Amino acid sequence: MKLDSKIPSGNIQQKWDNYKFNAKLVNPNNRKKFDIIIVGSGLSGASAAASLGEQGYNVKLFTIPDSPRRAHSIAAQGGINAAKNYKYDGDSVYRLFYDTIKGGDYRAREANVYRLAQISNQIIDHCVATGVPFAREYGGLLANRSFGGAQVSRTFYARGQTGQQLLLGAYSQMMRQAAAGTVKIFPRREMLDIVIKDGKARGIIVRNLVTGELETYLGHAVLLCTGGYANVFYLSTNAANCNVSAAWAAYKKGAGFANPCFTQIHPTCIPRSGEHQSKLTLMSESLRNDGRVWVPKKKGDSRNPSEIPEDERDYYLERIYPAFGNLVPRDIASRAAKRMIDEGRGVGPTGQAVYLDFADAIAKQGEDKIKEKYGNLFDMYYRITDENGYKTPMRIYPAPHYTMGGLWVDYELMTTVEGLFALGEANFSDHGANRLGASALMQGLADGYFVISATLPNYLANAKFNSVSESDDEFVHARESVSSKIKKLLSIKGSKTPTEFHRELGNIMWDLCGMSRSEESLKKALKEIPKLKEEFWQNVYVPQNEKFNQTLEKALKVADFIEFAQLLVKDALERRESCGGHFREESTTKEGEAKRDDENFSFVSVWEYAGEGKEPILNKEELKFENLKPTVRSYK
Amino acid sequence: MEKKTFGITLRVWKQEQGEQTGHFEIYKIDGLTGDISFLEMLDILNEKLLKEGREPIAVESDCREGICGCCGLVINGDVHGPDEHSTVCQLHMRRFKDKDVITIEPFRAAPFPPIKDLVIDRSAMDSIIKAGGYISVNTGSAPDANSIPIEKAQAEKAMDFAACIGCGACVAACPNSAAMLFTGAKIAQLSLLPQGNPERNIRVLNMVKAMDSLGFGNCSNEYECEAVCPKEIRISAIAKMNREFIKANFASEQ
Amino acid sequence: MNFKYIVRMPFSSIGRKILMASSGLLLALFMLVHLGENLLILKGESAYNGWVDLLLSNPLIPAMEVGLLVLFLLHIFFGLWVRFEDWKNSRKRNYEVNKSQGGRTIGSATMLYTAFALLLYLVYHMIHFRFADHSMGFYQMVTEAFRDKFFVSIYVLGALALALHLSHGFQSAFQTLGIQHEKYTPVIKATGWIVSALMILFAFISIYFFAGFDAKLQYEQEKVLETVIE
C-alpha cells in the first residue's frame, strides 16, 4: 500500500493556499457531467452536498433515516471551535492548531490540522450567513465560551444544541441545492458495498430499506461521510444507526484503515442502570465548568452522598491535577474515574459511577444561575434517572463517544482508493489520538464545506474516466456478493438475536479493549472475537422478510462490527504506547499516567486488507513535526 | 439494590407493508422496572418475539436522547406519550404501573403514509423545507460573522423556533394534519434573522404553497401542536408566518 | 394593481383563513353594535323605536345591509372551504384512543357545530324580524315575540352558541391575522372572553321580556308615580 499524504509545499501557513492555487479546476459547464456519490447526511455529508451542488456537480446523497436531518451530528451539544479571537484573549489560528495537535497527543498530521484551524473562521462566517442562531452578547455580537480545557474562549454555541443547529444549517443548504436540482437525496438507503473499476471508485450498492431491493448507483467519485464506529462497544453515546459498515466495505475494497484503536471515552455520561440499557446518554462536558467531581475516600462507602462529610470526600481531579482541576481533557478525566471505580470507590447502585456535585456552585451562584446555564441537562438527567441534580449530586460514568480513527486519507481527503474520499469522523485525519471538545463539528464542516469543494475538482480534472455501466462485471459481482450475504443471514435461522451478539461484542470490547488495555486483555479479546464471529454466522436469527426488516439491518451492522473489532484490537495490541484515548497499562509513568513513546510510535497505523482469513498488513505513515515539538502532555 | 418489577399489557398497531389497514395485537410483558425507557421496553419485547421466531414490531428510533426527531408514537392517545414536551425516547416506564394496558399507535396524518406497523413516511416535511427553508448563500461568500449585530433577545427567539426537531408530532396532534407549526417555526426563525431578510417574501409564499400541495391541512387554531411539541415551540410561530404571508401578499411585489 | 395577487389569496390555506378571520372579526364588531341597539329596548318603547326610525331614515342602510350580507356569506363560504380542506386532509383513520392534547377548548372543538347552529338561528331570526310585518312598530314586534316560550328558547340557544363561537373565534382571528405578541395577546384573549360573555346579554334581553320584568318594572314605576302623586 502506497501512502502518499500529498502534503503541499511551503511553510505551514501557506500550504493550503499553495494547494488551492496549484489544484486543477473543472470548467463550470463540465461540472454537471460529473456524478458525485455522497454516503451519509451528517455535518460533513450535508455540507459537502451543499458546496458541491453549488458548484454545479451532480450530487446523489444517501442516508439511512427517513430524513437527512436526523444524522447523529444533530446530537452534539457543546459547541464549535474557531480561532476568531473575538474575545481578544490570545487566540489565533496558530494556537488552535497547537492546541489540537497537543490535545491529540501528537498523533495527527500537522498540515491537515493547520488547515482545519485556518478554515475554522470561515465556518463560523458561513454558518451565521446560513441562519444558524448562535448565542449572542447583549451588544448583538457572537458569544463564546471556554470548553474542554482550552485556555481561551473560542467555542461558539447555540444553547446545548450546537450540533443540531449546525446540521440543520447544512441540511438547509443541501435542501436549497435539492430545489435547484443539483442534489438528489435518497433516504432510507444503506450502503453495503463500493464498486471499484479500473482502480477507481465508480459506484455503490445500496439496500433500499423499505423495499429491500439492492440498488446500484454510478458515479465519478464516492464520498464516505459515514461517521464513527463507537457502537462497536454496543453501549455508547452514538445513535442506533451509527455503524462501521460503509467504512468496513471501503477497507475491504482496498482503503487503508488508520488508527482504529483511537477511541474517545467521554467522562460525563449518565451511568447505565441495567441489562436492558440500549444506549448511553451524554451530558455536555460544560457541566464540568461548575460541577465538582468526587468519590468517597472510603472503599465501598454506600452512604447517601449527603451523609458523607466534606473531609471524607475525595475531589480527585482537583487533587491530582491542580492546574486544570475538573477541566482536564476527556481522556484524563475518564481514566481517573475508572481508577477510582477500580479502587472500589465507585458510587450508586452499580458502583459504576462517580459524583458530579453542584452544591458549591449553587451556593455561590444560586440555583437560578445554574438552571439558566444547564437547565436542559438537569432536566435530561431527571428524566432518565428520576433524580434531582440540584438537590443531590449527579452520578456520571465515562462512555464511548467518538472515534478518532477512521479511513486513512491524504491531504485531499482521498483514501488509498482513487476517487474514494472520506470526510468528517469517518476519516482519521485531524484529531490524532484524542479529540478536543467542540472540534468534531469544526472538522465535519471544514471537510464538507471548504476542503472537499477544493480538492475534489482537482481529482476530477486530473483523472481519466472510462465509461461504466451497471452490467459491468465489477457491479454485477458486488451486487451478488451483497445479495448472497443477505441470503446467508436469512438462511441461518439460529437462536440468538443480532442484538445479543452485539451486546456480547460490546462486553468483550469494553472489558478488554476499553478505557485501559493490556497485552493480556487484548490477546484475550483476539481469541474471543473470532469465536463470536463463528457463532454469529452459525446461530444468528433474522426473520424471513426481504422487505422492511430492521433485524436484518441490525444483523448486517453487527456482522461488520464483529469483523472490525478484530482490527481495532489488533491495532491496540500493536501500539505498545499510551497516547490520548489509547491507554496501555504497560506504558505508564510512575504515577500511573499515560506514557507516550515518540521514538517508536510516532506514526499513523494504516491497516491494509489482505483477504478473507488473512492477517491484515500494517503500513506506517511517519508523522513529521516540523512546527511543533512533541512534549509531554501534562495537566498537573 | 433489587427493584420491584411489574408487568403491563400492550395493544400495538400492526400493519403489514403495502396493506391499507391493520389491527391491534396484544402483548404481555413482565419484569419491568421504572429505569427502563419506553423504547427499551419495546426492545425487550422485540427480543422476546425474535426468540419465539415471531416478527418483531417495526418501530423507529435513533439518537434516543430527544434530538434527532426519529421516534414518534401515540401512547394511550398522547402524542409522544404522557410526559409533557418530550419525545417518546425520553419516556421511562416509571410513568406506568403494574397491570396497565397501553395502546400504541403510529403518528397518523394524511401526508404521513404508513410503511409498516409503527413506522411512517415523513418525507413530506423535507419537501416543505426544500421549498424555501434556507438562506441562499454560497459557501465561502459570507462576510465576517460579527459584521451584522443581532439583538440578543431576537437571536434567542430565533433559536426558540430553530429548536424544531422535525418529528412531526405537531402534524400528528393536529385534527387537520396541518404542518403550520413546523413550517411556521422555520419561517419565523429565518425571518427573525437579518440574514434571512432578503428572501422572506418569496420564502413564505413558496413554503406555504408547498405545504398546501403536499396535503397538509389548514390551521384551526386549536393549539394541539403547541401542547405536544417536544421542543416547546410556541404558536407565535404560526402567527409570525401568517404575518409574513400577509406582508408578502400585499406589501411585496412578489 | 395586478389582480392575480389578490385572486390567489383564497387558494392558499393561510389566505382562506385570513379571509374567514377578518370577515369574522367584522361580524363580531357588528354583533357588538347590534347588542348595543338591542339593549336600548330595555329603556322602553319610545327610546327603541326612536333609534330604529333614525336608523331607517339613513339612506345608506340598504347598502350596509348588503355589505353585512356579503360579510356573512364570505365568512360562511370561507369557513366551509377551510373545513372542507381539513376534512379532505384529515387522517384517514382516527386514533383508537382519541383525546385532546391540551390545546383544545370546548369553543375550538365545537366551532363547526356552533357555526351551523348560528346559521339556522340566523335564518329563523331573519324570518321573524327582518322579513316580518313591521306595521305594529319594532318595539311591539320584538317584545311580543319574546313572550313566546319556543322563540325565547331558540333565542337563548342562539346567544349561547354565539358566545361559544366567539370564545374561540375572537382570539383565533387575531392569531390568524398574525397579531400575536407576548404583551398584548393576553389582553386580546381577555377581550375575547368579555366579548363572548357580552353575547349572553342577547339571551338576557329575551328572558327579561319573557319573565315579564318589563311589566313589573312598568307596574312599579307606575306605583312609584302613584305614590308621588298621592
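This passage covers the confidence, chain contacts, nonpolar cores and cysteines of a predicted model.

On the confidence side, the model comes with an ipTM of 0.97 and a pTM of 0.96. For chain C, pLDDT averages 91, and 97% of the residues score at least 70.

As for who touches whom, two pairs of chains are in contact, and chains A and B share the most contacts. Chains A and C, by contrast, do not touch: 20 Å separates their nearest C-alpha atoms.

Turning to the interior, the largest nonpolar core takes in 257 residues, and A:I36 and A:L223 have the most contacts inside it. Helix α16 of chain A (residues 550-574) supplies the largest share of this core, with 14 residues. Leaving aside residues up to four places away in sequence, A:I36 touches a string of chain A residues, including A:L52, A:Y57, A:V59, A:A221, A:L456 and A:L460. A:L223 is also one of the residues that A:I36 touches. Another core, of 35 residues, lies apart from the largest one; A:V328, A:I332, A:A336 and A:M515 are among its members.

Then there are the cysteines. A search of the whole structure turns up zero disulfides over all chains. A:C225 is buried, at 6% relative accessible area, but its sulfur sits 14 Å from the closest cysteine sulfur, that of A:C242, so the pair is too far apart for a bond. In chain B, B:C164 likewise counts as buried, with 14% relative accessibility. The closest cysteine sulfur to that of B:C164 belongs to B:C170, and because the distance is 6.5 Å, this pair too is too far apart for a bond, given a disulfide cut-off of 2.5 Å.

Key:
Residues are numbered from 1 along each chain as its sequence is written. Chains are lettered from A and ligands numbered from 1 in the order in which they are written. This is a predicted model: local features need pLDDT of at least 70, side-chain atom pairs count only at pLDDT 80 or more; totals for chains, interfaces and linings use all residues. Side-chain values use heavy atoms; hydrogens and water are left out. pLDDT is the predictor's confidence in each residue, from 0 to 100. Contact means heavy atoms within 4.5 Å. A nonpolar core is a set of buried Ala, Val, Leu, Ile, Met, Phe, Trp, Tyr and Cys residues joined through side-chain atoms within 4.5 Å. Buried means under 20% relative accessible area, exposed over 50%, partly exposed in between (1.4 Å probe, protein chains only). Helices (H or I, at least four residues) and strands (E, at least two) are DSSP runs, numbered from the N terminus.
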